[in-house]
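Student: Could you give me a close, friendly walk through one part of this model, starting with its charged side chains? Please explain each term when it comes up.

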Amino acid sequence: MSRQIVIAANWKMHKTSEQARAYIQQLSKQVELAPNELVFLAVPATSLEAAASAAAGTSVVVGAQNMHDAEKGAFTGEISANMLKAAGAQFVVLGHSERRHVFGEDDAFINRKLHRAIDSGIRPIVCIGETLEQRKSGATERTLKQQIEQSLKGITAEQLTTVIVAYEPVWAIGTGETATPEMAQEAHAFIRKTLAELWNQDAANKVVIQYGGSAKPANAAGLMAQADIDGLLIGGAALEADGLLQIINNTHPIVSES
Ligand code: PGA
């Protein structure tokens with residue numbers, strides 16, 4: 001079955017508005033995507049407006065890296081879904097491993113954000129993934145199942161089809177250590193099977209499941225060749241437009257040379 005392909009760059013805490021504009025100008029000039037392929041940029045909130053206006057009319061989709069679940073209120077330093085949307089975000093990354101492990105976010109909080117994002121019309125990318133300790137102790141599948149059950153709780157099968165799940169093994173993020181394509185495929189197949197059990201097979205078949213964790217030009221094609229890997233969430237290797245272009249170029253042939 002043919003699913004959407006979503007190649008996403010996560011800029012993390014990098015790039016001013018000016019740098020965002022320059023990146024998007026370069027990217028949008030050179031990238032050519034297949035009809036079922038999308039390129040997403042998760043940019044810092046302060047660069048959203050500039051990035052969204054630079055991306056307008058191009059095939060580049062701009063989104064955010066995090067949000068709060070409340071509609072509004074006394075949450076100093078936080079940003080709501082409506083604010084992100086008004087600034088031009090079309091998607092939002094939720095539950096990234098750095099949010100879970102550095103800022104202590106749990107599945108219940110991520111689940112509340114998910115519902116708010118869906119209600120606000122922002123497409124969610126929900127990140128899940130096991131730590132090295134969990135993998136070594138044979139708890140990978142249990143961990144993934146629990147994260148799916150809790151962070152995606154309460155959504156309909158129809159809503160599920162719009163959610164992107166990013167499988168990002170914590171031990172592979174920013175470490176240079178990538179899951180092998182076979183290891184990643186095994187986890188992705190397990191995630192899809194779990195989605196089918198908890199919702200239904202038809203909905204599960206439509207869910208875009210991205211791999212993230214030291215994805216780079218050299219390993220992108222091998223990962224994307226796997227049956228259940230429908231995209232990539234890339235940090236370090238996509239910090240420059242050239243890196244992202246190279247990854248897109250390596251994973252499919254329809255990219256112009258200019
Ligand atoms: P990395 O980051 O590609 O630098 O490992 C991926 C991510 O954090 O989404």
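Tutor: Happy to. A salt bridge here is a side-chain nitrogen of Lys or Arg within 4 Å of a carboxyl oxygen of Asp or Glu. The model is predicted, so local features need a pLDDT of at least 70 and side-chain atom pairs count only at pLDDT 80 or more, whereas totals for chains, interfaces and linings use all residues. Residues are numbered from 1 along each chain as its sequence is written, and side-chain values use heavy atoms, with hydrogens and water left out.

The structure contains 12 salt bridges. One of them pairs R100 with D107, with 2.8 Å between the closest N and O atoms. Both of these residues are buried, where buried means under 20% relative accessible area, exposed means over 50%, and partly exposed is in between (1.4 Å probe, protein chains only). Another salt bridge links K113 to E105, whose closest N and O atoms are 3.0 Å apart. K113 and E105 are both buried too.

Now to the pair I would linger on. R192 and D230 bring their side chains together in a salt bridge, at 2.8 Å from N to O. R192 belongs to helix 9 (residues 181-198), while D230 sits in the loop between helix 11 (217-224) and strand 8 (231-234), so the pair ties together parts that are 38 residues apart in sequence. Here helices (H or I, at least four residues) and strands (E, at least two) are DSSP runs numbered from the N terminus. R192 and D230 are each buried. The pair also has company: salt bridges with shared partners join R3, R192, D228 and D230 into one network.

D228 deserves a look of its own. Like D230, D228 is found in the loop between helix 11 and strand 8. D228 has a relative accessible area of 13%, so it is buried. Its side chain makes a polar contact with the side chain of R192 at 2.5 Å, and another with the side chain of Q185 at 2.8 Å. A polar contact is a pair of N or O atoms within 3.5 Å; within protein, one must be able to donate a hydrogen and the other to accept it, and residues adjacent in sequence count only if both atoms are side-chain atoms.

Next, the ligand. There are 13 residues around the ligand, and K12, H96, E168, G174 and S214 come nearest; a residue is near when one of its heavy atoms lies within 4 Å. H96 places a polar side-chain atom 2.6 Å from a ligand oxygen. With G174 it is the backbone that takes part, a polar atom there being 2.6 Å from an oxygen atom of the ligand. S214 likewise offers a polar backbone atom, 2.7 Å from a ligand oxygen. On its own the ligand has 280 Å² of accessible area, and the protein covers 95% of that. Such areas come from the Shrake-Rupley method with a 1.4 Å probe; for residues, only the protein chains shown count as cover.

S214 is worth a second glance. S214 lies in the loop between strand 7 (208-212) and helix 11. Its phi is near 55°, a positive value in a residue other than glycine. With 17% relative accessibility, S214 counts as buried.

K15 also has a positive phi, of about 90°, without being a glycine. K15 is in the loop between strand 1 (5-10) and helix 1 (17-30). Its relative accessibility is 17%, so K15 counts as buried.

A few other places help you find your way around. G95 sits in the loop between strand 4 (91-94) and helix 4 (97-101), and its 2% relative accessibility makes it buried. From G95 to V163 it is 68 residues along the sequence and 13 Å in space, C-alpha to C-alpha. I164 is part of strand 6 (residues 164-167) and is buried at 0% relative accessibility. Finally, A237 is in the loop between strand 8 and helix 12 (241-251), where its 27% relative accessibility makes it partly exposed. The C-alpha atoms of A237 and A215 are separated by 7.0 Å, with their positions 22 residues apart along the chain.
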